[in-house]
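Trainee: Could you take me closely through the pockets of this model, and then through its cysteines?

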Amino acid sequence: MRLEGKVAIITGAASGFGEGMAKRFAEEGARVVVADLNAKGAERVAEEIGANAIWTQTDVSLRSEFDEMVYAAKSAFGRIDIMVNNAGFTHRNGDMLGVDEETFDLITAVNMKAVYHAALAVVPIMDRQGGGVILTTASTAGLRPRPGLTWYNASKGWAITATKSMAVELAPKSIRVNCLCPVAGETGMLEKFMGADTPEIREKFRASIPLGRLSTPLDIANAALWLASDEAAFITGVALEVDGGRCI
């Protein structure tokens, strides 16, 4: 029970990597706030976890909704130990000049500005509690960018740099800050990452991964679990590649 007594907020937790994290954290003793713009999905995940979870409908691009989410967490569980910035958005794989401004703005709001909102909302709480963990889902795209996802790649590079800077600044408060860099996985955004979902394109993606498969929510959840646990008490500022060797 590596997260016994801990309270975790996980955004984008109605499906994919976030759902995997929420369920895995709960299995290890955490009480979990399942936050997502998709209310029905968030409710389903929280109900499947049981008494140790609540759900909130949260638009991470808005500071006011972050404050409501944090209020719900504190009201239900009394504290916040772990903040997982997992919600993400991408444009479809293709020409960088073909991405409209509205899509670009949404990418920056969800993948970048939400990390800022989270820090404003939870750092004072963690500081008063004597420490905490902030974990962001970045991407291998931020470490080894490839053509076709330029603006998404840039947003994840920003998340990695923000993680490292936050880690240094928040270390005196005993707040550890890390990020995960997953390779493409079985999530709702996979088709956009690939441009189209065909057996041929899937095989092309798999062939670029030395271990020969896409990532799974459990792969990402297990990595997140370790970084969030006290087993990683001396780990901060790390961008952990969970990629089957893709970034080598």
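Mentor: A disulfide is counted here when a pair of cysteine sulfur atoms lies within 2.5 Å, and with that cut-off a search of the whole structure, which is a predicted model, finds 0 disulfides. Cys 179 is in no disulfide, and the nearest cysteine sulfur, that of Cys 181, is 4.5 Å away; Cys 181 is likewise in no disulfide, with the sulfur of Cys 179 as its nearest, at 4.5 Å. As for exposure, Cys 179 is buried, with a relative accessible area of 0%, and Cys 181 is buried too, its relative accessible area being 0%.

Turning to the pockets, the largest has a volume of about 1,200 Å³, and of the 48 residues that line this pocket, Thr 90, Tyr 152, Thr 187, Met 189 and Phe 193 are the closest to its centre. Several helices contribute to the lining, since at least two residues each are supplied by α1 (16-27), α4 (101-129), α5 (150-170), α6 (190-194) and α7 (199-207). By class, the lining of the largest pocket divides into 22 nonpolar, 18 polar and 8 charged residues.

The second largest pocket has a volume of about 160 Å³, and its lining has 4 nonpolar, 4 polar and 4 charged residues. Among the residues that line the second largest pocket are Lys 6, Asp 81, Arg 176 and Asp 230, together with others including Gly 131, Gly 132, Ser 174 and Ser 229, and Ile 82, Val 133, Ala 228 and Ala 233 also belong to this lining.

Notes. Residues numbered from 1 in each chain as written. Predicted model: local features only at pLDDT ≥ 70, side-chain atom pairs only at ≥ 80, totals over all residues. Heavy atoms only, no water. 1 Å grid on protein atoms, 1.4 Å probe; cavity = no way out; pocket = protein on both sides within 12 Å on 5 of 7 lines; lining within 4 Å. Points joined across faces, edges and corners; volume = space filled by probe spheres on them. Helix = DSSP H or I, 4+ residues; strand = E, 2+ residues; numbered from the N terminus. Nonpolar A, V, L, I, M, F, W, Y, C, P; charged D, E, K, R; others polar. Buried < 20%, exposed > 50% of the residue type's maximum accessible area, 1.4 Å probe, protein only.
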